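User: I'm new to this one and keep tripping over the vocabulary. Could you walk me through why things get the labels they get?

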Amino acid sequence: MQVIIIPISTMRLLLFLFSFFLFNQAIELKIFDDLLEVRSQNGLFFPLCSKSFHQKYGEQACASLSSTFSSHSTVSLQQYTYSIGCTTSICFTFLSAFCKTGVKVFCSSSLCAPGTLQLGNKCLSISTVPVQGYSEAKAYCSPYSLISSLKSTEIESIRETILPSFTDTRVFLTSGLRQGSTWKWGNGDTVEQEVTGTGRCLALQSGALIAIDCDSEAFVFCESGRECIGKNKEYSGTSNKTADGRNCLMWNDPSVLFQRDQTEVEIVNHNYCRFIEQDEKKSPTPVCYTKPNELSECNIPNCPESLNDPITLESGDHCPVGSFSCDNGSKCISQKFQCDYEVDCNDGTDEQNCEDYLQYFELIGSYRLVENIIEVWTFIPHVQGCARKCRESLLMCEAFSYEPKTQTCLLTDTSQTFSSLARKITSLYYRRRFSSKDVLFEVTNKILYATKNSKKAHICDENFSREKLSSICRILGFGDPIYIRESHQSESSLEEKQPLPNPSFDSSLVSQKNPSGKNPSGVLGLRLPAWNLSCLREPNCTSTIISTCQSIKCSQCQESACGDGSCIRFNQLCNGISDCKSGDDESDCTAKSFRLSNGSDTSGYLEVLFRAKWVPLCADHLDDMKANFICNSMRLGERESLLSTNTSLSAGFDVFCDTDCSIRQSTSCTRHARIACISESGMSSISQCGLRYVEVNARDAARSRIARVVGGFETVPGAFPWTAALRNKATKAHHCGASILDRTHLITAAHCFEEDERVSSYEVVVGEWDNNQTDGNEQIFDLQRIHFYPLYKDIFSHDIAILEIPYPGITFNEYAQPICLPSNDFVYTPGRQCVVSGWGSMGLQYAKRLQAALIPIIDRFDCVNSSQIYTSMSRSAFCAGYLEGGIDSCQGDSGGPFACRREDGAFVLAGVISWGDGCAQKKQPGIYTMVAPYLSWINSIVNGGSL
């Protein structure tokens, strides 16, 4: 094994270049020429990205200047900026390569109103003449109050700074009163200092607290509110202007009292901004009346002592279930966007108190993965997000590399060798501190067991599909899974029975009670210690659960396994003979899909999909009725013509059709069935495009309250049947979108293959709706060839590619249909509403089900001027979305369709989802590659040749 040692000085340089800095102390901010800057680990200051700004940062910077935050504005920059992120334990800065806007911060000189003195967190005014007694003192200070309390440090400050200006030893009355044997301040706090004297009211004289008679003559300390909001939503300052500069009316103004609505407010003799109760909740900001029946918001900053306090928000009913309230309750975002290391809330609360995912990894050095890549993630704004992707990868990811500048995250399932790495100064390579390789897997009595931290237990089958079980068993080096359909519950019933963790349970007890480790019952019902797969991946998860779950069972069979684990050959399945004792080899013989091979679009040799394999159908027992049923199910025509065939077969399947079709291994198969499907209209449905059998309208998602969505709403199966998915073949992870052109060609974005151009790395799925489960409508194909446009170099121009899958390709039905190409003179009219669809990012993960949204084309001039990065947009691209943000395509949607509806109702492919600066962010709409300029090249590929 090769060991590479990196000097400490080099590592420090790398960390600077990688722009990833961890801080155990607070982030240091400063203001230079009004521009807010953040300090890096080596002491240099860089502009803070406007996307990362929230008011607390401005308040912190102003407080360092002994000032108070007043306002802020964004400004365009010609340099890179830095962002701030915080977990529960650390804060860090990181390079925002594509953020070219900073923040200008404006501070005011003092937190106290003119004519008052600042004492700690208090603003004081001192009477110039004495008052007679406690009652007159309270009236003198109105609308403010007698000083609410005094700490020892504040008394010391008064002694040193205020009292020396007086020649006498005058007495100052406070809010303190004797209550029984104790003294209480006006704010309810107990007086902790020693008090001398016998009176009932508390006063200050010569820097000491004394008791005086409440009718005595004394001077007064009045306390007014500071010009900021306390951490408990308190404000008692003197600001009397609204955020837009209008003057406030008196709260006891007769016109206000007469015409105001039913809002409960205190009637007082001033016009200062105040918090009020509205609908039994405190208003989000201080307000005042600007008209007799109109309340307006005031722009009051937060007080500096609350800068390091967590922001607490009221959980109101205005945010729907699954949403998170921020910006003082004025904004709702999906909970999926919390802790995704992209700031969605203006106050930044969605990225506070987040988990430190990097604690599970160790930095190895400046390397980039070049081989054994199992997943590729783009537009990951921070290395923490990449670490999260690796942690959430099930039984696969052991290490990752991350490039901050390109925001690219590469995952791998190996950490044992440097052969998969290449040196790259701008890339970080991290490896798990704990590896799933440290878990011992074994099969005992056909049950899959795991041993972790000396605890051995079986692994729960969490209602996995046959394909998922096969992947698990074979990845771990075992044979075909033992799959019993009756034991797989519905997802809902599984969730109802999901047990809770029991950290105190020692799973080693199962070995003592049952040394074989075998489940005596072999069925659901017996509560035994068990591992969840997700727990095996977590270093901090060391406890089994007490569960009645079914165990994962792996056989030693290379072809097929019976329910009892005995092995049979593939040709023993569905042959009419029960070769398995349970008969399960004859229990799943449904013909789910047919296709034609080695022919044309409407004629060829018949094959049926069975147990994830395409197998031939025999001609010996195929009649017109069965063939008609098959043609109709493939939507290639209403009737058929049996064609002669000279292709002999030694083994094949017979088909039996009623309402559905089933198959059986033929005992007398001599010839491969060959048919032609004919439509009564004289043309097959292949000549149609852009049509669908499920009508659903894509709503305008701009009205949604969710901050960032891929599509705006969840579709139904078959709603956009031309939308296809490009998946990683090894992991089945969603990678990009695509659109169906014909049976063997799809169109997508060229940049989807920047990291890996090998066709063997991908598969194409059509008819998909729910990525997390198989519903029988999916068709999965190997990728045979990728046709890049000849002038393609990078994402900024000619970002288009055509995918070719093996012939005969896609079976068109209500879930899979081709989309029409636009005409040569297609006009990209600003404001035209079209549909984007895909399974792209919704925050922490890809969408489970197909999402879609109706978004408008944006005028090119408005798009280019919205952000500097869009000056890189080529002439063959266009903008679409909303400049105010909120609705957009996102990572994972790349390559998917931008579909516009024609007057005849058919959809045409106007664009291919390409790129954007972030997802659904303000003034950062999505960029799409036009299809019309590439029609001649597309037709040359689809019609049989490449340029």
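User: What makes two rings an aromatic pair, and how many aromatic pairs does a search of the whole structure find?

Analyst: Rings of Phe, Tyr and Trp (for Trp, its six-membered ring) pair if their centres lie within 6.5 Å; planes under 30 degrees apart are stacked, over 60 edge-to-face, and the rest tilted. The search turns up 19 aromatic pairs. Take F720 and W722: their centres are 6.2 Å apart and their planes stand at 75°, so they pass the distance cut-off and land in the edge-to-face class. This is a predicted model, where local features need pLDDT of at least 70 and side-chain atom pairs count only at pLDDT 80 or more, while totals for chains, interfaces and linings use all residues. Residues are numbered from 1 along each chain as its sequence is written, and side-chain values use heavy atoms, leaving out hydrogens and water.

User: Why is the pair of Y789 and Y934 called edge-to-face?

Analyst: Its centres are 4.9 Å apart with 85° between the planes, so the angle is over 60 and the label fits. Y789 lies in the loop between β52 (785-788) and β53, and Y934 in the loop between β59 (926-930) and α13 (935-942), so the pair ties together parts 145 residues apart in sequence. Those element names come from DSSP runs numbered from the N terminus: helices are H or I with at least four residues, strands E with at least two.

User: How do you know whether Y789 is buried or exposed?

Analyst: Buried means under 20% relative accessible area, exposed over 50%, and partly exposed in between (1.4 Å probe, protein chains only). Y789 comes in at 19%, so it counts as buried. Y934, at 3%, is buried too.

User: And why is K732 called partly exposed?

Analyst: K732 has a relative accessible area of 45%, so it falls in between the two cut-offs. You'll find K732 in the loop between β47 (723-728) and β48 (734-740).

User: What makes the link between D756 and S761 a polar contact?

Analyst: A polar contact is a pair of N or O atoms within 3.5 Å; within protein, one must be able to donate a hydrogen and the other to accept it, and residues adjacent in sequence count only if both atoms are side-chain atoms. The side chains of D756 and S761 make one at 2.7 Å, and those of D756 and R758 make another at 3.0 Å. As for D756 itself, a relative accessible area of 13% makes it buried.
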